[in-house]
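The following paragraphs guide a new reader through one structure, from its overall make-up to selected details. Please keep the sequence and the model in view while reading.

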Amino acid sequence: MRWFVVFYNFNRFNRIQSSRRLNLVMSGGGVKGIAYVGMYEAAEKKGYNWGNMAGVSAGALAGAFKAAGFTAYEMWNAVGSFDFEGIQMSNKVEKVPVVSGYLRYMSRTGRSGPDSVRECLSYRGGLLESIVTFSKEGCLFDGDYLEEWVSKELARKGVRTFGDLRGGMADKFNPRGYRMRMTGVDCNRAKIVVLPDDVEFYGMDPDKFEVAKAVRISTCVPFAFKPVELKKQEGNITKVYNLVDGGVFDRFPYWLIDSSKNLTVGFKLSGGEKPKFFSVDTALNVLKSIISAVQDIGIPKDVENNIKYIGEINTTQVHYLDFGLSQEDKEYLYNAGRQTAIHLFNKLESSRIGQRKGFIPLFASIFRQRWF
């Protein structure tokens, strides 16, 4: 009897631990990603831990830090140490080529709005090709600083490559069992790529691919940052491929996660947002509108989105390119993520309690029929 009790308690402990482990999907959103720190803090206080994680852009950055072993407190300190002034404008916004090019197009055609942006870029030789051309001619920020900062911070936890992020749950979607994966877009092949899995195409070992480099690719917002070049040697020819933010094709990569074993939750940095209006009143708003017009243009996925619990974090007070954040802005984002996560976890727990209440009478009925 004593061994039965020990065995029962051991299994019960494993079930409890398993029930507190969730898979996680996070959307993009630029600087709004600070909200994910608040989300992680809420999860820690609730006792949740993470199985496999996936994200894009800001979600890729936040997931990389969590997969490396950062607590929410450590993440908040890292955000505090980040010199937002270090991401400086490389030119005045008015001189960013995509802005001046679009304004000329608008003046010539009399058209404006998201459709006219795509028409303008396609006129230059195709949407993705134009993204690369315009971005290389001149962009808003220097992406080197972000990559260097991520690399330095992850090194504090002994993480450099994706080989250091093994230890997740290997499954059909994540055969190598990485704790965190993210997406980018290969503009030359017009293809979304999974990082690190798909770097094999470029002749690289996924385990040896640097996490900071992957984060830089996934956060490489078109026209804000220059595309990241990956080179592939084919005989005597070196081919160059240009990769940008995965959010160009899909801002919520739920299809990277297998939800058949662990419950999956998701968070998006879009809650409370009203339909976006195309603004041309200032050069900066023109750029913001252009970037919005080329985000999430949509690629059909083979996997249905069956994530039941998705938290829409209200981040409307901050634009995703507003790197000049005040302390008040950071705290606003942090608290928005925390409150949304608390609400989602409470909803999740209420649902589970309801399921258990429904199970107890059924078990009692079966027990009575079997023994009495």
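Eleven helices and eight strands make up the secondary structure of the chain in this predicted model. The chain has 372 residues, of which 49% count as buried. Among the contacts with a separation of 6 or more, 76% are between residues 24 or more positions apart.

Strand S3, residues 180-186, offers a suitable place to begin. Seven of its seven residues are buried, and the strand is thus described as mostly covered. In a regular strand, the side chains alternate between the two faces of the sheet. In S3, Met-180, Met-182, Gly-184 and Asp-186 point one way, while Arg-181, Thr-183 and Val-185 point the other way; all of these residues are buried.

The partners of S3 may be taken in turn. Strand S2, residues 49-55, runs parallel to S3 and is joined to it by three bridges; here Met-53 stands opposite Met-180. Strand S4, residues 191-195, pairs with S3 in the antiparallel sense over five bridges, and Thr-183 of S3 stands opposite Val-194 of S4. Strand S6, residues 237-245, is also antiparallel to S3, with three bridges between them, and in this pairing Asp-186 stands opposite Leu-243.

The connection from S3 to S4 deserves separate attention. The two strands form a hairpin with four residues between them. Within this loop lies Ala-190, which has a positive phi of about 50° although it is not a glycine. Most residues other than glycine have a negative phi, and most peptide bonds are trans. Ala-190 has a relative accessible area of 48% and is therefore partly exposed, as the value lies between the limits of 20% and 50%.

Two further backbone details belong beside this one. Ser-57, in the loop between S2 and H3, has a positive phi of about 55° and is likewise not a glycine. Ser-57 counts as buried because its relative accessibility is 5%, and the cut-off for buried is under 20%. In the loop between S4 and H9 is Pro-196; the peptide bond leading to it from Leu-195 is cis, with omega near 15°.

Attention now turns to the helices. Helix H3, residues 58-67, packs against helix H4, residues 72-81, at an angle of about 125°, with the axes 10 Å apart. That angle makes H3 oblique to H4. The crossing of H3 past H4 is right-handed. On the H3 side the contact involves Ala-62, Phe-65 and Lys-66, and these meet Ala-72, Met-75 and Ala-78 in H4. By character, the residues of this contact comprise five nonpolar, no polar and one charged.

Helix H9, residues 211-218, has seven of its eight residues buried, so this helix is largely enclosed by the rest of the structure. The buried residues are Val-211, Ala-212, Ala-214, Val-215, Arg-216, Ile-217 and Ser-218.

Finally, consider Ser-135, which is placed in helix H7, residues 127-137. Is Ser-135 buried or exposed? Its relative accessible area is 0%, and Ser-135 is therefore buried. Which residues is Ser-135 in contact with, leaving aside its neighbours within four places in sequence? They are Ser-130, Pro-222, Phe-223, Phe-225, Lys-226 and Pro-227.

Definitions and conventions
Residues numbered from 1 in each chain as written. Predicted model: local features only at pLDDT ≥ 70, side-chain atom pairs only at ≥ 80, totals over all residues. Heavy atoms only, no water. Axes fitted to C-alpha atoms, helices over the stretch in contact; angles between N-to-C directions. Parallel < 35°, antiparallel > 145°, perpendicular 65-115°, else oblique. Left-handed = near helix turned anticlockwise from the far one by under 90°. Contact = heavy atoms within 4.5 Å. Nonpolar A, V, L, I, M, F, W, Y, C, P; charged D, E, K, R; others polar. Buried < 20%, exposed > 50% of the residue type's maximum accessible area, 1.4 Å probe, protein only. Pairing = 2+ DSSP bridges.
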